[in-house]
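Work through the exercises below with the sequence and the 3D view open. Try each task before reading its solution.

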Amino acid sequence: MSLYALDSPVLLTPKYIVGILTVVPSCLGMIYGSRWSRRREFSSEQCSTIKLYWLTGGICFLVFNVVLMASISTESTWILVSWIRWSLAVGFGIGLVVGIAQVRVVVSTLTAERESLRAEHMEKQRDLIDQMNGILRHEVLNSAQVITGNTSVLMDAAEPIDPDDERIERVHRQGEEITTVIQEVRALLSTIEDSRELTETNLTNVVRNEIQKVRDQRPDIDVELRCQEDYYVRADELAGRIFANIFRNAVEHNETPSLQIVVDIESVDDSVVVTIEDNGDGIPEHKLATLFDRPQVSDHGLGLYLVSEITDSYDGSVALSKTGEEGTVFEFRFPVPEPRP
């Protein structure tokens with residue numbers, strides 16, 4: 001407009017006309033690109049990336065052309081101004097295009113990864129649900145048959161039922177088995193729920209509560225907790241099942257006259273380490289290879305597989321440190337929650 005008002009001859013020079021014709025598409029492209037980016041609802045981080053490419057493109061192209069200006073003589077200051085404007089417009093336009101292309105590649109990659117993880121998660125859910133349903137049907141049907149058979153005999157008995165009749169105890173035991181299996185399957189399926197939320201949990205209190213349950217049910221077993229303070233991890237209401245299953249295995253699968261269980265909780269580096277040791281008979285060697293594997297339909301209960309899955313869902317780990325005639329040691333490691341901002 002200034003050149004037009006001054007009736008400057010520069011306005012009609014080929015260089016100036018070419019500069020204008022190339023600046024206009026760049027400006028229109030930047031307007032369209034910015035409006036398009038806004039509709040795409042990129043994150044603030046992705047928008048910052050586009051801005052960085054935009055600025056870098058404009059500045060780098062300007063510097064390159066300034067070097068050319070210094071080596072090429074120009075007949076008019078207006079040509080220099082036009083050159084600078086052209087350099088910025090084209091550089092900004094190129095930077096914007098490159099920035100948007102880069103962000104689109106990142107977004108596409110992240111979307112593909114999320115879809116892949118979602119598909120993998122759904123496949124794992126279907127597989128786990130199918131197998132757990134098989135285990136549930138097998139265990140429940142077996143126990144139901146035992147309960148039905150014994151109650152039928154008791155109902156047909158002509159004589160009064162003796163409260164000490166072992167068949168009553170058998171029915172009661174099978175009922176407990178059904179309850180335990182259903183609870184374990186429900187707990188396992190809970191680990192793959194999308195709506196599951198982990199919160200900062202006092203792990204020491206969780207262990208302490210499970211130890212008290214063992215003491216209440218089996219006063220003859222010596223359970224000792226060694227812990228200097230309360231330790232916290234990210235977990236939920238399933239955390240207690242980890243230690244309940246370990247304690248139950250120690251109690252049910254050991255014939256040691258004076259069973260002792262010692263639990264140590266301490267902080268090591270960035271982890272809370274829980275060590276559970278007993279003086280039992282140890283785990284049979286033929287079970288070690290599949291100790292934490294998913295049980296088959298013919299197996300009873302979920303055992304240490306449930307322990308492993310819940311621990312893994314907390315980003316923790318469980319390992320069998322030692323087993324033998326002198327006892328068994330399990331070691332758990334849970335990450336320490338990051339401090340709140």
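**Exercise 1. Is aspartate 269 buried or exposed, and where does it lie?**

Solution. The model is a predicted one.
Step 1: Find the place in the chain. Aspartate 269 sits in the loop that links β4 (260-268) to β5 (271-278).
Step 2: Read the accessibility. Its relative accessible area is 72%. The cut-off for exposed is over 50%, so aspartate 269 is exposed.
Step 3: Look at the backbone. Aspartate 269 is not a glycine, yet it has a positive phi of about 55°.

**Exercise 2. Treat aspartate 315 in the manner of Exercise 1: give its place, its class of accessibility and its phi.**

Solution.
Step 1: Aspartate 315 is in the loop between α9 and β6 (317-324).
Step 2: Aspartate 315 has 66% relative accessibility and therefore counts as exposed.
Step 3: The phi of aspartate 315 is positive, about 65°, although the residue is not a glycine.

**Exercise 3. At what angle do helix α5 and helix α9 pack, and which residues make the contact?**

Solution.
Step 1: Take the two helices, α5 (residues 166-190) and α9 (residues 303-313). They pack at an angle of about 25°, and their axes are 10 Å apart.
Step 2: Classify the angle. Angles under 35 degrees count as roughly parallel, so α5 is roughly parallel to α9.
Step 3: Give the hand. The crossing of α5 and α9 is left-handed.
Step 4: List the contact. From α5 come Glu184, Ala187 and Leu188, and from α9 come Gly303, Tyr305, Leu306 and Glu309.
Step 5: Sort these residues by class. The contact of α5 with α9 has four nonpolar, one polar and two charged residues.

**Exercise 4. Describe helix α5 by itself: its span, its buried residues and one residue that is not fully buried.**

Solution.
Step 1: Helix α5 has 25 residues, and the distance from its first C-alpha to its last is 36 Å. This is close to the 36 Å expected at 1.5 Å a residue.
Step 2: The buried residues of α5 are Val171, Gln174, Ile178, Val181, Glu184, Val185, Ala187, Leu188 and Ser190.
Step 3: Recall the geometry of a helix. An α-helix has 3.6 residues a turn, so residues three or four places apart point the same way.
Step 4: Turn to glutamate 177, which is also found in α5. Its relative accessible area is 26%, so glutamate 177 is partly exposed.
Step 5: Glutamate 177 and serine 143 are 34 residues apart along the chain, and their C-alpha atoms are separated by 7.3 Å.

**Exercise 5. Examine two residues around the α5 and α9 contact: glutamate 309 and leucine 302.**

Solution.
Step 1: Glutamate 309 lies in α9. With a relative accessible area of 16%, glutamate 309 is buried.
Step 2: Leaving out residues up to four places away in sequence, glutamate 309 touches Lys124 and Leu188.
Step 3: Leucine 302 is in the loop between α8 (285-288) and α9. At 4% relative accessibility, leucine 302 counts as buried.
Step 4: Leucine 302 and glutamate 184 are 118 residues apart in sequence, but 6.8 Å apart in space, C-alpha to C-alpha.

**Exercise 6. How do helix α6 and helix α7 pack?**

Solution.
Step 1: Helix α6 (residues 203-217) and helix α7 (residues 239-252) meet at an angle of about 40°, with their axes 9 Å apart.
Step 2: The two helices, α6 and α7, are therefore oblique to each other.
Step 3: The crossing of α6 and α7 is right-handed.
Step 4: Leu203, Val206, Val207, Glu210, Ile211 and Val214 of α6 touch Ala239, Gly240, Phe243, Ala244 and Phe247 of α7.
Step 5: By class, this contact of α6 with α7 has nine nonpolar, one polar and one charged residues.

**Exercise 7. Which residues does glutamate 224 touch, not counting residues up to four places away in sequence?**

Solution.
Step 1: Glutamate 224 is in strand β2 (residues 222-227).
Step 2: Glutamate 224 has a relative accessible area of 34% and is partly exposed.
Step 3: With those sequence neighbours left out, glutamate 224 touches Arg215, Ile261, Val262 and Val263.
Step 4: Glutamate 224 and isoleucine 276 are 52 residues apart in sequence and 9.9 Å apart in space, C-alpha to C-alpha.

Note on methods. Residues are numbered from 1 along each chain as its sequence is written. This is a predicted model: local features need pLDDT of at least 70, side-chain atom pairs count only at pLDDT 80 or more; totals for chains, interfaces and linings use all residues. Side-chain values use heavy atoms; hydrogens and water are left out. Axes are lines fitted to C-alpha atoms, for helices over the stretch in contact, and angles run from 0 to 180 degrees between N-to-C directions. Helices (H or I, at least four residues) and strands (E, at least two) are DSSP runs, numbered from the N terminus. Angles under 35 degrees count as roughly parallel, over 145 as roughly antiparallel, 65 to 115 as roughly perpendicular and the rest as oblique. A crossing is left-handed if the near helix is turned anticlockwise from the far one by less than a right angle, and right-handed if clockwise. Contact means heavy atoms within 4.5 Å. Ala, Val, Leu, Ile, Met, Phe, Trp, Tyr, Cys and Pro count as nonpolar, Asp, Glu, Lys and Arg as charged, and the others, Gly among them, as polar. The expected span of a helix is 1.5 Å times one less than its number of residues. Buried means under 20% relative accessible area, exposed over 50%, partly exposed in between (1.4 Å probe, protein chains only).
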